[in-house]
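The following report concerns selected features of a molecular structure. The sequence and the model are shown first.

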Amino acid sequence: MRTLKFLLQKEFRQIFRDPSILRIIFVVPIIQLLVLPWAADYEIKNLKLSIIDHDRSTYSRQLISKITSTNYFLLEEYSDSFHDSEEEMEGGKVDIALEIPADFERDLVRDNEAPVFLAVNAVNGVKAGLGSAYLQSIIRDFNSEVRAKWIQMPRFSPELNIEVVTANWFNPSMNYKFFMVPGILAVLLTMVGASLSALNIVKEKEIGTIEQINVTPIRKHHFILGKLIPFWVLGLVILTIGLAIAWLAYGIVPLGSMLVIYAFSALYLLAVLGLGLLISTITHNQQQAMLISFFLIMVFVLLGGLYTSIDSMPGWARAITHFNPVAYFVEVIRMVVLKGSGFADIAPYMLIMFVFAITLNGWAIYSYKKRS
Amino acid sequence: MSNENVISVDGLTKRFGHFVAVDHISFDVKRGEIFGFLGANGAGKTTAMRMLCGLSLPTEGKATVAGFDVYTQNEQIKKNIGYMSQKFSLYENLTVKENIRFYAGIYGKSDQFIRQKTEKVLEQLHLTNEADKLVGSLPLGWKQKLAFSVAIFHEPGIVFLDEPTGGVDPVTRREFWNMIYEAAANGITIFVTTHYMDEAEYCGRVSIMVDGRIEALDTPSMLKQQFDAASMDQVFLKLARKAERSDN
């Protein structure tokens with residue numbers, strides 16, 4: 001116990017004397033949380049639209065004004081031929097081209113239907129998919145307005161009409177920041193936790209002080225604990241800063257209790273720090289440790305359900321996410337922040353995280369060898 | 001000096017794959033002795049020393065340090081030895097006092113012991129005014145003397161010094177050896193490797209390693225007689241010329 005006291009004293013002194021660590025602790029969370037949520041947004045806005053209106057009728061104009069009145073589309077140009085629009089698209093100036101045929105209004109009135117042609121630049125898949133979906137729903141909307149005006153609905157509609165009404169639970173306004181900010185918090189803790197701890201022991205290897213430690217009668221688990229605890233405290237400080245920013249900048253106040261968030265984060269940090277320490281014990285210099293931890297963090301984050309939904313991944317990828325601590329953390333923090341889940345709801349995740357923490361730290365202690 | 005052996009080594013060997021770094025070396029070191037461990041670069045000195053300190057597991061052979069077996073009781077050995085490695089190994093971003101306190105602390109020394117002895121050591125090193133300066137800001141010679149003081153701060157029976165005076169000016173080297181003599185006079189056994197042959201003359205007994213084997217072991221004067229040489233320098237050159245390997 002006394003040994004641990006000396007180790008902690010030394011470790012904290014070194015941390016507070018290292019300006020780069022202090023910068024990481026304070027600047028990284030602020031930048032990540034203030035900048036990323038505004039940029040990393042699934043909403044597509046300002047899609048550049050080119051319209052080829054061969055009809056130039058009242059209806060076609062109404063359709064166009066309906067489209068441009070949303071803030072999703074920017075009317076980039078009216079062009080005379082599809083060929084022109086295509087050229088603009090190839091030049092990257094246009095994302096979507098909408099061609100309205102010459103007899104649009106006549107067909108719509110006479111036949112109750114009229115085709116329009118939509119060409120989407122699918123170089124950016126997400127943008128193309130969402131953009132064309134938005135546009136289609138606007139056109140569908142327009143279509144039903146026209147039908148309502150022209151077709152006298154009989155009292156008992158011969159056509160069955162199913163109207164779908166959606167309500168977004170837990171995030172009623174579909175505010176992406178509510179969705180992204182907790183996720184970014186997860187990434188933040190993972191990055192800072194795993195990389196700071198990964199670099200630490202290996203740094204002692206590089207400067208040679210580890211040799212001096214290894215020649216003392218220090219116990220291996222004391223040494224690892226002496227490294228684990230300071231970074232664990234730092235991780236909780238970063239979490240606190242992160243939650244404060246989420247509240248001050250985005251008004252995100254967790255629906256669930258802070259105690260649940262801190263309890264789970266505390267376990268989670270033990271797991272990621274254990275991973276970092278493990279990397280630290282098996283590598284020989286800081287470059288190796290950095291590369292390995294970045295590789296793992298990258299895989300964890302991309303397969304963590306932050307940017308893409310885990311449910312839509314193929315089976316093998318979903319299998320991998322069972323071994324991905326980030327996936328659990330993203331899931332749990334969203335549950336607690338948005339749904340207000342309590343200890344009972346996240347108990348299975350707590351257990352899994354506990355197993356992660358024990359395994360990774362145990363492995364780190366095992367793989368730290370005082371004698372080669 | 002008593003006749004009790006504090007280090008005894010018998011056929012100690014370390015292989016890395018096919019490379020035999022240390023090849024069946026045998027010797028004894030007596031309590032209070034200053035034992036010089038010489039050899040060219042790559043002769044296997046550091047590897048041998050690391051095995052004795054419990055930092056490296058021997059491939060074969062027997063060795064005990066302070067009465068403990070190097071295979072099974074390596075952690076007990078560590079309680080009884082001090083070690084100063086080739087690489088400077090104090091924390092540069094801790095102060096002089098903090099370094100002393102840290103290492104003494106993990107050897108399990110009491111706060112009172114640490115406080116009293118720190119004052120004494122700082123006085124001896126003339127570092128009292130620098131006690132709260134970061135070690136990184138001290139000149140190399142001071143750092144080395146401080147590292148030695150830290151290595152024997154917990155009052156071990158044996159101290160292992162791996163090229164402790166590398167890169168240090170002659171005056172500081174002289175002072176450093178005064179500290180070694182003083183430690184030896186206090187009953188600490190000194191096991192030291194060096195490249196400086198004048199330092200070899202200060203040792204009680206000297207062993208010279210060539211290609212992983214001990215080629216000569218005796219007092220400096222007996223060695224000079226045996227090899228018909230005027231100085232340890234010549235003894236070393238005569239032996240080292242036979243070496244087939246170097247560190248490059």
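## Strand pairing in chain B

In this predicted model, E9(B) and E10(B) pair in the antiparallel sense over five bridges; helices (H or I, at least four residues) and strands (E, at least two) are DSSP runs numbered from the N terminus, and two strands pair if DSSP finds at least two bridges between them. Within this pairing, B:Ser207 has B:Leu217 of E10(B) as its bridge partner.

Both strands belong to an open sheet of six strands, ordered E6-E7-E8-E3-E9-E10 in chain B, with mixed pairing. Its edge strands, each pairing on one side only, are E6 (81-84) and E10 (213-218) of chain B. From one strand to the next the twist averages 15°; axes are lines fitted to C-alpha atoms, for helices over the stretch in contact, and angles run from 0 to 180 degrees between N-to-C directions.

Strand E3 (residues 34-39) of chain B runs parallel to E8 (residues 189-194), with five bridges, and parallel to E9 (residues 205-210), also with five bridges. B:Phe37 stands opposite B:Thr193 in E8(B), while B:Gly39 faces B:Met209 in E9(B). E3(B) is largely enclosed by the rest of the structure, because six of its six residues are buried, that is, under 20% relative accessible area, where exposed is over 50% and partly exposed lies in between (1.4 Å probe, protein chains only). In a regular strand the side chains alternate between the two faces of the sheet. In E3(B), B:Ile34, B:Gly36 and B:Leu38 point one way and B:Phe35, B:Phe37 and B:Gly39 the other, all of them buried.

Two helices of chain B lie across strands of this sheet, where contact means heavy atoms within 4.5 Å.

| Helix | Strands crossed | Angle |
|---|---|---|
| H1(B), residues 45-52 | E3, E6, E7 (158-162), E8 and E9 of chain B | about 155° to E7(B) |
| H9(B), residues 232-240 | E3, E9 and E10 of chain B | about 25° to E9(B) |

Elsewhere in chain B, E1 (residues 5-16) and E4 (residues 60-65) run antiparallel, joined by five bridges, and B:Ser8 has B:Thr64 of E4(B) as its bridge partner. E4(B) is in turn joined to E5 (residues 68-69) by two bridges, again antiparallel, with B:Val65 opposite B:Phe68. The hairpin of E4(B) and E5(B) has two residues between the strands, and B:Ala66 there takes a positive phi near 55°.

## Helix H2 of chain A

A:Ile25 lies in helix H2 (residues 19-39) of chain A and counts as buried because its relative accessibility is 2%. Apart from neighbours within four places in sequence, A:Ile25 contacts A:Leu234, A:Ile238 and A:Ile241. Its C-alpha atom is separated by 7.7 Å from that of A:Val192, 167 residues apart along the chain.

A:Phe26, also in helix H2 of chain A, is partly exposed, with a relative accessible area of 42%. A:Phe26 helps to make a nonpolar surface patch of about 610 Å², together with A:Val27, A:Ile30, A:Ile31, A:Leu34, A:Val35, A:Val233 and A:Val237. The elements giving two or more residues to this patch are H2 and helix H9 (220-250) of chain A, and H2(A) gives the most, with six residues. Patches consist of residues with over 30% relative accessible area and no salt bridge, like charges being joined within 9 Å and nonpolar side chains (Val, Leu, Ile, Met, Phe, Trp, Tyr) within 5 Å; a salt bridge is a side-chain nitrogen of Lys or Arg within 4 Å of a carboxyl oxygen of Asp or Glu. Accessible areas come from the Shrake-Rupley method with a 1.4 Å probe, and for residues only the protein chains shown count as cover.

## Conventions

Residues are numbered from 1 along each chain as its sequence is written, and chains are lettered from A and ligands numbered from 1 in the order in which they are written. Local features need pLDDT of at least 70, side-chain atom pairs count only at pLDDT 80 or more, and totals for chains, interfaces and linings use all residues, while side-chain values use heavy atoms, with hydrogens and water left out.
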